[in-house]
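Reader: Could you walk me through the stretch around the early strands and the loops that follow, one residue at a time? I would also like to hear what surrounds the second cavity.

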Amino acid sequence: MLGLNFRVGEEIGRGNFSELRLGRNVHNNEHVAVKMEPTKSKYPQLHLEYEFYKLLGSRDSESCPEGIPRVFFLGTWCGRYNAMVLELLELSLEDLFNMCNRKFSLKTVLMICKQLLHRIEYVHSRNLIYRDVKPENFLIGRKAMKREKIIYIVDFGLANEYIDVDTNNHIPYRENKCLTGTARYMSINTHTGKEQSRRDDLEALGYMFIYFLRGSLPWQGLKAGTVKERYQKIGDMKRATPIHVLCHNCPEEFSIYLRYVRRLDFFEAPSYGFVRKLFQGLFDRKGYVDDGEFDWTQKAMSTQVGYLQTRYDVNISPNKDRNNVAQPGVTAWHDEAKQGCMLNNLKPTDRCASTHVLSSANDDLNADDPNAGHSNPAVTQPPKAEPMDKSKCCCTFKGKKKRSSRQKRIDDAQCGPACETVTC
């Protein structure tokens, strides 16, 4: 058992620093997702992600902001894992993209644009930047909950506050930063080691929209001897590919969007209304109706993918390793003799019960095949190979200004894995 309410089942996904298991609320039989990381992890991040979800207004109620999964519980399981219980969702946009033969219609892409621009604007309105745009991190809601037309944004493990909580000022511009995000979609500025801000989330979204229209991006499939060299090649090709070439056979609005977000200043607040109006105008000119009918609607609703033999009808990512699926006649739920203890900072309201499937890829870093089903895992690689001294470390602000204690916790949690090869 996890806490007082949740039973933990089979693994249904795995990320770079955590794993995802199917769970169930024993009081109302609702399915949930349980995201877990070892308690002995050198760089624990779940507590920080939980804090960000709460900052976004996630709660166990119907008043939770649209497209933000509900978070029910944070605690420990068997004394070995930190565990966060989230709302169970359906397939990711990457799973759905594969289901639709790796090509979305213009109507579907524009409906995705509309929702995701709202999601990113809301995240930014809460003083957060997302920093990990990729199709695997956007999931549709469950049909059983009548939320199959809503696209959710998940996994805030790489998110960061861009407004200093002590001064209420924008974070300072810095360079020589670790690469943070997913190489296929990260902005050009991120590739060059510049501090990320709101503009970088929007640029990454633009690459993902074009990916959905084209089926692939020009910098997929690049081969290199080392990971560092490969990331360098991806960044070089992004800079070398003119926008009109990248957006070939795409409506002009996508070129306008990319030109706009690339020209934004580091501190500048994007005009979300402008970019939404840009795509809405195209949607209207094409005579489309926003009826919630995506390319995948009938396929996703009629196809049961990766069925878990747990006597429950649950869809999970089709890319989940089938070897981990429960065998016939074997229960998928684990009863643990040792009950997990609560973290000290939890309140009674955090022990609520009720429903998230996150899909994450772990492909080989040197094999970003243009026809592959998933993008590479999120990376946090230093832009330079040579060791950095403490004054240049991504965990340390340049200059005399001290970080707030909150920002220090965020930097320590997020930059830790990236700085294993440097002196922090």
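**A loop, its strands and a cavity**

Author: Asn29 is found in the loop between S2 and S3; helices (DSSP runs of H or I, at least four residues) and strands (runs of E, at least two) are numbered from the N terminus. This is a predicted model, in which local features need pLDDT of at least 70 and side-chain atom pairs count only at pLDDT 80 or more, while totals for chains, interfaces and linings use all residues. Residues are numbered from 1 along each chain as its sequence is written, and side-chain values use heavy atoms, with hydrogens and water left out.

Let's stay with Asn29 for a moment. Its phi is near 65 degrees, a positive value in a residue other than glycine. Asn29 has a relative accessible area of 44%, so it counts as partly exposed; on this scale buried means under 20%, exposed over 50%, and partly exposed in between, with a 1.4 Å probe and protein chains only.

On one side of that loop is S2 (residues 19-25), which pairs with S1 in the antiparallel sense over six bridges; two strands pair if DSSP finds at least two bridges between them. Four residues separate S1 and S2, which form a hairpin. Within this pairing, Arg7 has Arg24 in S2 as its bridge partner. Strand S1 (residues 6-14) is mostly covered, with seven of its nine residues buried.

On the other side of the loop is S3 (residues 31-38), where Lys35 lies. Lys35 counts as buried because its relative accessibility is 6%. An unreviewed UniProt entry lists Lys35 under "binding site"; UniProt positions are given in the numbering used here, feature names are shortened, and annotations may be inferred rather than shown by experiment.

Arg24 also leads us further along the chain. Its C-alpha atom is separated by 9.7 Å from that of Leu88, although the two are 64 residues apart in sequence. Leu88 sits in the loop between strand S5 (81-87) and helix H2 (93-99), and it is buried because its relative accessibility is 2%. Leu86, in S5 itself, is buried too, because its relative accessible area is 0%. The C-alpha atoms of Leu86 and Asp60, 26 residues apart along the chain, are separated by 9.4 Å.

A little further on is Arg102, in the loop between H2 and helix H3 (106-125). Like Asn29, it has a positive phi, near 55 degrees here. With 13% relative accessibility, however, Arg102 counts as buried.

Asp164 is in the loop between strand S9 (160-161) and helix H4 (188-191). Its relative accessible area is 10%, so Asp164 is buried. A polar atom of its side chain lies 3.1 Å from the backbone nitrogen of Thr167.

Finally, the second largest cavity holds about 70 Å³ of space. A cavity is a set of points on a 1 Å grid over the protein atoms alone where a 1.4 Å probe fits but cannot get out, and lining residues have an atom within 4 Å of a point. Of its 14 lining residues, Arg131, Val133, Met186, Gln196 and Ala204 lie nearest its centre. Helix H5 (residues 198-214) supplies the largest share of the lining, three residues. By class, the lining has four nonpolar, six polar and four charged residues; Ala, Val, Leu, Ile, Met, Phe, Trp, Tyr, Cys and Pro count as nonpolar, Asp, Glu, Lys and Arg as charged, and the others, Gly among them, as polar.

Conventions: 1 Å grid on protein atoms, 1.4 Å probe; cavity = no way out; pocket = protein on both sides within 12 Å on 5 of 7 lines; lining within 4 Å. Points joined across faces, edges and corners; volume = space filled by probe spheres on them. Polar contact = N/O pair within 3.5 Å; in protein donor to acceptor, adjacent residues only side chain to side chain.
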